[in-house]
Amino acid sequence: MKTYEEKKRDLYEKIKEYTKQDICIAFSGGVDSSLLLMLARECIQQYKNSGKIHAVTFHTVLHPLCDLEVANKVAKEAEAIHKVVYVNELEQEEIRFNPENRCYLCKKTLFQKLMDYAEEQGISIIMEGTNEDDLHVYRPGLKAIKELGVLSPLAEAGFTKAEVRKLAEELGISVASRPSTPCLATRLPYGTEIKREDLKKIALGEDYLKDCGFSVVRIRLHGETCRIEIPKEDFSDFLEKSQEIVKYLQKIGFQYITLDIQGFRSGSMDEFKNKKLSRKNT
């Protein structure tokens, strides 16, 4: 088992080698891809590498608008060339009904556009921010990334999410503690039609709850029922504000409002799949 310092050394060596030429990074503005971006800038400056950094952000109907705003900010901090690619995933019929391999289909579409851009720029090194923890849960999108030959330096170096945040803090990256903001389609059960009006309600509801002081929140939509996930330590605060919360959420179109007593779990729609995956790997 490698230590954190050994992993960090391996990661720097990878990025040092890659930045001898122009590179392309799939850049969401989250901590994982931001770490890759800042490491690339540091290696270019420290080792006088000649490569340029192209940060490519997907602006899509399935991701919150705040992602683009944060990505713009961090790309400027890294002095990267920032390319925004606009995509409407719901134009694809097979994605619109949220199949279990939705993530694979989406990633295949998005990363193919990324590769097209890289080819136009004459870039052969393409990276993205999958970390070690992502390899042990249900992530069908990883299959698309591997098929397309995209590099995942954090996972290759064995960096867990906690270690990603630790290194991001060491480097003073502005989004080091930013909570993850996964695709809004993860708020819907598989097999449910993904409707733009539902995504809008979910985004509005989550923004409202964040404004109420809940920094980590997911609204899962099950038909007419809105299931809210927040950390258990926030339950008492939520109950104190429940009357105004219910009033707002019903105003924007939710019928029944529930608080999930299991608390926040990343990827809770995939819990049973993750259990099967865990049993398979043991």
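Two strands count as paired here if DSSP finds at least two bridges between them. In this predicted model, strand β2 (residues 53–60) clears that bar comfortably enough to start with: β2 and β3 pair in the parallel sense over seven bridges. Within the pair, Thr-57 sits across from Val-84 of β3. Helix α5 (residues 102–120) packs on the sheet, where it touches β1 (23–26), β2, β3 and β4. The direction of α5 makes about 145° with that of β2.

As for the sheet itself, it is an open one, built from four strands in the order β3-β2-β1-β4, with parallel pairing. The edges belong to β3 (81–87) and β4 (125–127); each has a single partner strand, so one side of each is left without a neighbour in the sheet. Neighbouring strands are turned against each other by 25° on average, direction ignored.

His-82 is a handy residue for looking at edge strand β3, where it is found. Its relative accessibility is 24%, and because buried means under 20% and exposed over 50%, His-82 counts as partly exposed. Leaving aside residues up to four places away in sequence, His-82 touches Phe-27, Ala-55, Thr-57, Ala-71, Asn-72 and Ala-75. Thr-57, then, turns up twice: as a contact of His-82 and as the residue opposite Val-84. With Asn-72 there is also a polar contact, side chain to side chain, at 3.0 Å. Ile-25 lies 57 residues from His-82 in sequence, yet their C-alpha atoms are 9.8 Å apart in space.

Next comes helix α3 (residues 65–77), which holds Lys-73. Lys-73 has a relative accessibility of 45% and so counts as partly exposed. The side chain of Lys-73 makes a polar contact, at 3.2 Å, with the side chain of Ser-174. Glu-89 is 16 residues away from Lys-73 along the chain, and 25 Å separates their C-alpha atoms.

On to the interior. In soluble globular proteins, nonpolar side chains tend to be buried together. Here the largest nonpolar core has 35 residues, of which Ile-15 and Leu-37 touch the most other members. At least two residues of this core come from each of α1 (4–18), β1, α2 (31–47), β2, α3, β4 and α8 (161–170). The top contributor is α2, which gives nine residues. Not counting residues up to four places away in sequence, Ile-15 touches Leu-36, Leu-39, Ala-40, Cys-43, Met-127 and Pro-153. Apart from this core lies another, of 31 residues, with Leu-62, Ile-95, Leu-188 and Phe-238 among them.

Finally, there is helix α9 (residues 196–211). Its 16 residues reach 22 Å from the first C-alpha to the last, close to the 22 Å expected at 1.5 Å a residue. The buried residues of α9 are Asp-198, Leu-199, Lys-201, Ile-202, Gly-205, Glu-206, Tyr-208 and Leu-209. What do the buried residues of α9 pack against? Their partners are β5 (218–222), β6 (225–229), α10 (235–240) and α11 (242–251). After α9 comes Gly-213, with a positive phi near 110°.

Methods
Residues numbered from 1 in each chain as written. Predicted model: local features only at pLDDT ≥ 70, side-chain atom pairs only at ≥ 80, totals over all residues. Heavy atoms only, no water. Buried < 20%, exposed > 50% of the residue type's maximum accessible area, 1.4 Å probe, protein only. Polar contact = N/O pair within 3.5 Å; in protein donor to acceptor, adjacent residues only side chain to side chain. Axes fitted to C-alpha atoms, helices over the stretch in contact; angles between N-to-C directions. Contact = heavy atoms within 4.5 Å. Core = buried A, V, L, I, M, F, W, Y, C linked by side-chain atoms within 4.5 Å. Expected span 1.5 Å × (residues − 1).
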